[in-house]
2 protein chains.
Amino acid sequence: MPAGLGCAMAIINANTMTTRPRKPGRGRTRSTPSPWQASRERHRDRELKREAVIRAAAREFNRKGYHNTSLDDIAARLQITKPTVYYYVTSKEQLLFQCFIGGVEQIRAAFRAVEGRRAPARVRLNAVLRHYGEAVASDFGWCMVRAEDQDLSPAMSRHIKALKSEIDHGIRQLIHEGIQDGSIAPCDAKMAAFALAGALNWIAHWYRENQSLTGAQIASAFVAIFEGGLAPRPARRRAKPRAARGTSGA
Amino acid sequence: MPAGLGCAMAIINANTMTTRPRKPGRGRTRSTPSPWQASRERHRDRELKREAVIRAAAREFNRKGYHNTSLDDIAARLQITKPTVYYYVTSKEQLLFQCFIGGVEQIRAAFRAVEGRRAPARVRLNAVLRHYGEAVASDFGWCMVRAEDQDLSPAMSRHIKALKSEIDHGIRQLIHEGIQDGSIAPCDAKMAAFALAGALNWIAHWYRENQSLTGAQIASAFVAIFEGGLAPRPARRRAKPRAARGTSGA
DNA sequence: TAGGATATCTACTCATGAGTATGATGCATG
DNA sequence: CATGCATCATACTCATGAGTAGATATCCTA
């Protein structure tokens, strides 16, 4: 599991590293004079800075797109210079990759969270989808959904595809389970997973422009629509619930 | 209405322009010696080539992404050189813009097609969505959904945003009408439109990898899912069809 | 306090790719 | 046949931006 972006990064902000003289770990190092302690502190400091770099990159990519963002831009945002950025990451490509990981890990965590639950699959699915929506609306959301294979090395591209596939199959699995336990209507699980993920992924495209709702709120609204469906639910009983209506389209 | 990409372009292929000596309009020009006729033919020829350039660009953008595609690539694909491309378009940016227009016009046509219909709004909406899906799965689909504002001049960006907004409001309008005429269950039209468009837009992201289904087939599957909803349709009657279920999500 | 590791900067290299200047070719018209 | 226009190629310019070399400052440890 690469890179522990997540809880730690949620609390730091970009200018952590601008106030460099104020070495935060130093006092503690003095009180516990073990060199290992000091070394560990320094290492933590470095890790925090590295994460700040990645998050700053995510924000810039989000604003201007990957190709329209230069490493000088990212450095300027942190009030440092480009070589310093390269001190923490090996390439621009890796930056994008890490941003992707930062987003996708949130979604994987959502799956793990519902894994042992006894609730009906539809309820578990909804919980996952809500976290999914939050992840897409996060700093890393844009990178996660828009990271293009062509921008990454074959190895990274493969890694990302595997993670995406894992998430996709996780959703399908929940849908299958839901059909089994009766909490989800029989349907094409693959297509349903595509539709759900697509709708949620697309949040990243318009969330910047309109942040009046939180990611969770949007996801909840979507879930309600997905659950209920557009067709009115008739009060009268009906034998075959999902008869394909032959629309007279075009 | 800019650029009539569409039916005309559907029948030409890229190497139209490689067989240049075989001037197709010449014979007709001889039989009708009006200079206007000849001029018109030449103009048409030019327009065809221009559309071939745009379509070739769309295909390359689709394959490698906008920023990873050079104009030399596009030219090479047509077995011509870069200055020739510039003879037909003014800039790379304009190429992307035209590709976008090529896709979005298909969707606008779908709206016009159902405009006068008497059918229930849900039926009309479904027809539009099916065409929407086809457009997204077309050559221009990728450009249409992924054309980033940051890659275009402010003027073009504004134009594109206006067109996108028009489509969005068209969908919302159909949903509203559906709620009015009872063919669509009461819901948040804005959110529903976002969800529908998002799911369909996302087709562009995985359609290249897996073209086992046509765009229309995918759109139909999606429409079925959206209509029916994930929750099973109970045989027993129910008073409030869209009660917000308070999920015990995380 | 010397020496080494850590962290950062200034000042480069170098490839890429958008866009152009200019000339060649061919066709149509007068 | 000369002239003009349309079409296309060769061979450039030039800005941008990824990535690096090497110097410097700072702190930690011995």
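Select Tyr87(A) and DNA strand C: a polar side-chain atom of Tyr87(A) lies 2.9 Å from a phosphate oxygen of the strand, a polar contact (a pair of N or O atoms within 3.5 Å). This is a predicted model, in which local features need pLDDT of at least 70, side-chain atom pairs count only at pLDDT 80 or more, and totals for chains, interfaces and linings use all residues. Residues are numbered from 1 along each chain as its sequence is written, chains are lettered from A in the order in which they are written, and side-chain values use heavy atoms, without hydrogens and water.

Next, go to chain B. A polar backbone atom of Leu71(B) is 2.9 Å from a phosphate oxygen of DNA strand C, and for a polar backbone atom of Thr69(B) the distance to a phosphate oxygen is 3.4 Å.

Now select the residues near the strand (a heavy atom within 4 Å of it). There are 20, and Thr81(A), Thr84(A), Tyr88(A), Leu71(B) and Tyr86(B) come nearest. On the DNA side, sugar and phosphate make up 65% of the strand C atoms within 4 Å of the protein. H5(A), a helix (a DSSP run of H or I, at least four residues), gives the most to this surface, with four residues.

Leave the DNA and select Ile171(B), among the residues with the most contacts inside the largest nonpolar core, which has 140 residues. Such a core joins buried (under 20% relative accessible area, 1.4 Å probe, protein chains only) Ala, Val, Leu, Ile, Met, Phe, Trp, Tyr and Cys residues through side-chain atoms within 4.5 Å. Beyond four places in sequence, Ile171(B) is in contact (heavy atoms within 4.5 Å) with residues including Phe111(B), Tyr132(B) and Leu196(B).

Notes:
Buried < 20%, exposed > 50% of the residue type's maximum accessible area, 1.4 Å probe, protein only. Polar contact = N/O pair within 3.5 Å; in protein donor to acceptor, adjacent residues only side chain to side chain. Helix = DSSP H or I, 4+ residues; strand = E, 2+ residues; numbered from the N terminus.
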